[in-house]
Amino acid sequence: MSPDASHLHELVVRELRAAQAEHDTLRALLADADTLPDLADQADRLQTHNLHLTRYRAVLQRCRDLEKALEALERGDYGTCELCGEDIEPRRLLAVPSTRLCISCQELVEDQASHTALHHQHRLR
Ligand SMILES: [Zn+2]
């Protein structure tokens, strides 16, 4: 693993703290939405609620990914692609510390995901 491990550790911890803070904020917002008297426009409220819910789920996933990254760092097997077992590009790790895939596997997975989504869209019509 080429990038400095302690630097990456610091980076992951910092990202995890930020994600956890956002997670707490969103959870509070979501809890508020359930208890506040219904003053605002119902459709507006629903839209905001859904937006918060989407962000909440994303940030929850990010917390998990970062926790896993932290575990891997502590085990010493951080920076290895989960799919092909190759080393993940150091620049990629610095940019996205929670990543578990190398760039080629990531592209492959995203490509498949978009194909699957398109496929579903067609089937729904
Ligand atoms: Zn890979």
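The questions and answers below go through a predicted model of one protein chain.

User: How are residues numbered, and which pLDDT do local features need?
Analyst: Residues are numbered from 1 along each chain as its sequence is written. In this predicted model, side-chain atom pairs count only at pLDDT 80 or more, totals for chains, interfaces and linings use all residues, and local features need pLDDT of at least 70.

User: What pLDDT does the protein chain average?
Analyst: pLDDT is the predictor's confidence in each residue, from 0 to 100. In this chain 86% of the residues score at least 70. The average is 87.

User: What pattern does the protein chain follow along the sequence?
Analyst: Helices (H or I, at least four residues) and strands (E, at least two) are DSSP runs, numbered from the N terminus. The chain has four helices and zero strands. Read along the sequence, the pattern is α-α-α-α.

User: Which element has the highest mean pLDDT?
Analyst: Helix H4, residues 103–124, has the lowest mean among the elements, 82. The highest mean, 92, belongs to H2.

User: Why does the distance between the end C-alpha atoms of H2 agree with its expected span?
Analyst: The expected span of a helix is 1.5 Å times one less than its number of residues. H2 has 34 residues, so it should span 50 Å. The two agree because its end C-alpha atoms are 49 Å apart.

User: Which helix supplies the largest share of the largest nonpolar core?
Analyst: A nonpolar core is a set of buried Ala, Val, Leu, Ile, Met, Phe, Trp, Tyr and Cys residues joined through C-beta atoms within 7 Å. The largest one has 13 residues, and Leu 8, Val 12 and Leu 66 are among those with the most contacts inside it. Helices H1 (5–35) and H2 (42–75) each supply at least two of its residues. The largest share, five residues, comes from H1.

User: Is His 23 buried, exposed or partly exposed?
Analyst: A residue is buried if 20 or more other C-beta atoms, placed from the backbone, lie within 10 Å of its own, exposed if 12 or fewer, and partly exposed in between. His 23, found in helix H1, has 17 C-beta neighbours inside 10 Å, so this residue counts as partly exposed.

User: Which residues does His 23 touch, not counting residues up to four places away in sequence?
Analyst: Two residues are in contact if their C-beta atoms, placed from the backbone, lie within 7 Å. The C-alpha atoms of His 23 and Cys 63 are separated by 8.4 Å, with these positions 40 residues apart along the chain counted as their separation. By the contact rule, His 23 touches Val 59, Leu 60 and Cys 63.
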